[in-house]
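Student: Before I take labels like "buried" or "salt bridge" on trust, can we go through the reasoning behind them?

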Amino acid sequence: MMLEIKNIKRVGSDTLESLFIEDGKIRGWNLSESASETIDGKGATVAPALIELHAHLREPGQEQKEDLASGLAAAAAGGYGTVVSMPNTSPVVDDPGIVTSLIQKADRLGFARLKPAAALTRGQKGETLADLAALKDAGAAMFTDDGRTNENANVLRRGMEYASGLGLLVSVHAEDATLRQDGVMNEGVVSQELGLPGNPAAAEAARVARDVEIALLTGARLHIQHLSTARALEIVRQGKKAGAPVTCEVCPHHLTLTDEALRGFDAMYKVAPPLRTQQDAEALFEGLLDGTVDCLATDHAPHTQAEKEKDMLEAPFGIPSIEVAFPLMYTRFVKTGKISLEKLLDLFTAGCARVMNWEVPSLEEGAVADVVLLDLENSKAVDPKSFKSKARFSPWAGDELYGWPVLTLVNGRVAFQG
Amino acid sequence: MGTGVKHLLDFQGWTVEGIQGILETADVMKEVLERPVKKVPALQGITVCTAFFENSTRTRTSFELAARRMSADVLTFAAGASSLSKGESLRDTIETLNAYKVDAFIVRHHASGAAHQVAKFSGKSTINAGDGRRAHPTQALLDAYTMLKEFGKLEGLKVTIVGDILHSRVARSNAELLDLLGADVTLCGPATLLPKELQKGRVKLTNDMQAAVKDADVVMALRLQQERMNGGFLPSMSEYALTYQVNERLLELAKDHAIVLHPGPMNRDLEISGSLADSERSRIIAQVEYGQAIRMSVLYHLLVGKK
């Protein structure tokens, strides 16, 4: 069956063209053949579907917050074709059977493609390595204890070495828990004025420094998740120069919000790592431009409304953002001329693929037909009530954003149509 | 006569004039408390809810007595015996209490910002009776009032606050208020309990007790919050007492007329020597007494004319 998507523009061009897709692959551009199905792109810009390396889909065990159906539908609505889910579920994804069942269920759902990450250590306790080879065989895409920090450096070292032998990377929530203590926000002027326990930037920087050294020691690939501080970014920059096989991601919320947002004591803004300062946000953006940052990831972390209405000490960490990440970044940084659309798309797609050693996505003949159409011309307000995610709150609610996905195809199938 | 301000959560949005109004009305309330019949009808028909999510005896009783002496009805809510222990959220608890047609909430909570949440969830006048490390504005007002009664003015007064500044809502509120009213505030304590970010305006920070107390008009000792000392902030209680205890010997460095305050409850002979607490320099009992008048004044300013 041949699908034609007509009246679409390639990035950087105003020409309306047609993309042909057959059997889940890109067949070519502007073919003379007739398609059995046609979709009118109405002038939208086409790009490879986005890749998410860091989403909390909460299944199994916390389905009141999110499940595969809601989370992957939200991802498709956000323009994502592939999602790496975090293993800090209940039970933890440290068993090959869970990996298999997650992949099978996601396949049946038909939204974004799921690539589960598995726990690096049993129960994510940081003590004993999980059965990494069996987890890989079941389909695990990477290993991480995210949700927790890896306090034992030797366990991380052995895990990285073992995973490296399997050809997979380890990703880390790099934060020294003994320095973080009970911090619920960035430690600084704002936390002291608000009287809230602070989490110092040094907690991240100190841990990143340790982990970069382990990457140098082992030569094993290490991916550092959700960098939030200028100092930690600088350590990654130096580590890369020294030849450490380290990659890193930053999240849209750390680029667009600061600890000033906490002044209203709204736990919606409580995230881990915390929202930092304006200087940190600017440094992270510099890291995007100079290539220190390899990719953008959302750290989509849905919670129930009731949980987020608890007080600042009790409320859980996390913001749901998978449905707004691209429009947010496009509006704030491309529309304002701070970064090119090509570069932004690279951070959302090819950058992620390079981190994972996956084939770099493209729209050329023969490529897998993971495709997104983006409406760059019209704005729409963020409306959490319309989210596919079960989490119906957003720091950007009401913001007028451009760049909303209008169609997402995964393996040539329609996963989302706006 | 109101302040035009609906809540007392901290001193954000408050003017010097608004605060002076509260301090002046406290004189009237103090006079009421000296009468044989200590009751006025100012808050008749108004229902005040004391919502205490954290243990407190003196602040709760002070507020309840203040409200009753102004003829308000008082709904007492204590978290220990509530549905909170059954998992009910702060929002649901407040909305339930609000359904009893409460006119104002007086809130104490272990989390900074909880009083802001109560104000948002209830929409009613809310008084912060202490939230986490953040603020305890009526304590700061009664401290300022105690100083005012002693010295007649606050401007230029050298006030030294000693102890666990990091965990202290009393220190934060006092620094905020006294700076606003023109006093020179010095915060003193070991470096682990003295966040450098609090240095601004006329508020100075030091680890040096001798320098901090020298020529002070007021020295306030804070309770060492041993229950929050799980982060290795201090080598030992005895070392703290040796280095940062407010005692007679130290007070010799202060001005001759210097007074000593403590927000209570005290750890005698830890942060303050027992003999100094009982001495003629101490105004610790006066603070408690003035606290009543201040809380009556705050209730009056926020609630009279609002119903």
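Here is a short back-and-forth about what earns each label.

Tutor: Keep in mind that this is a predicted model. Ask away.

Student: What makes A:Glu193 and B:Lys200 a salt bridge?

Tutor: Their closest N and O atoms are 2.6 Å apart. The cut-off is 4 Å between a side-chain nitrogen of Lys or Arg and a carboxyl oxygen of Asp or Glu, so the pair qualifies. The rule finds two salt bridges across the interface of chain B and chain A. Helix α4 (residues 114-122) of chain B gives the most to the side of chain B that touches chain A, with four residues.

Student: How many residues does each chain bring to that contact?

Tutor: Chain B brings 19 residues and chain A brings 18. Together the chains bury about 1600 Å², 50% of it on carbon and sulfur atoms. There are also seven residue pairs in polar contact between them, both residues at pLDDT 80 or more.

Student: Why is A:Asp67 called buried?

Tutor: Its relative accessible area is 17%, and buried means under 20%, so A:Asp67 makes the cut.

Student: And why does A:Lys390 count as partly exposed?

Tutor: A:Lys390 has 34% relative accessibility. Partly exposed runs between the 20% and 50% limits, so that's where A:Lys390 lands.

Student: How do you know that A:Asp67 and A:Lys390 pair up?

Tutor: Their side chains meet at 3.1 Å, N to O, and the limit is 4 Å, so the salt bridge label fits. The pair links distant parts of the chain, with the two residues 323 apart. A:Asp67 is in the loop between β6 (50-55) and α1 (68-77) of chain A, while A:Lys390 is in the loop between β16 (371-381) and β17 (400-410) of chain A.

Student: What about A:Asp290: why is it called partly exposed?

Tutor: A:Asp290 sits at 44% relative accessibility. That is under the 50% needed for exposed and over the 20% for buried, so partly exposed is the label. A:Asp290 also forms a salt bridge with A:Arg237, at 2.8 Å from N to O.

Student: Last one: how do you know that the length of helix α1 (residues 16-33) of chain B makes sense?

Tutor: At 1.5 Å a residue, its 18 residues should span 26 Å. The end C-alpha atoms are 26 Å apart, so the two values agree. Its buried residues include B:Ile19, B:Leu23 and B:Met29, and among the elements covering the buried residues are α2 (58-69) and α11 (284-303) of chain B.

Definitions and conventions: Residues are numbered from 1 along each chain as its sequence is written. Chains are lettered from A and ligands numbered from 1 in the order in which they are written. This is a predicted model: local features need pLDDT of at least 70, side-chain atom pairs count only at pLDDT 80 or more; totals for chains, interfaces and linings use all residues. Side-chain values use heavy atoms; hydrogens and water are left out. The expected span of a helix is 1.5 Å times one less than its number of residues. Buried means under 20% relative accessible area, exposed over 50%, partly exposed in between (1.4 Å probe, protein chains only). Contact means heavy atoms within 4.5 Å. Buried area is the accessible area (1.4 Å probe) that two parts lose on being put together, summed over both. A polar contact is a pair of N or O atoms within 3.5 Å; within protein, one must be able to donate a hydrogen and the other to accept it, and residues adjacent in sequence count only if both atoms are side-chain atoms.
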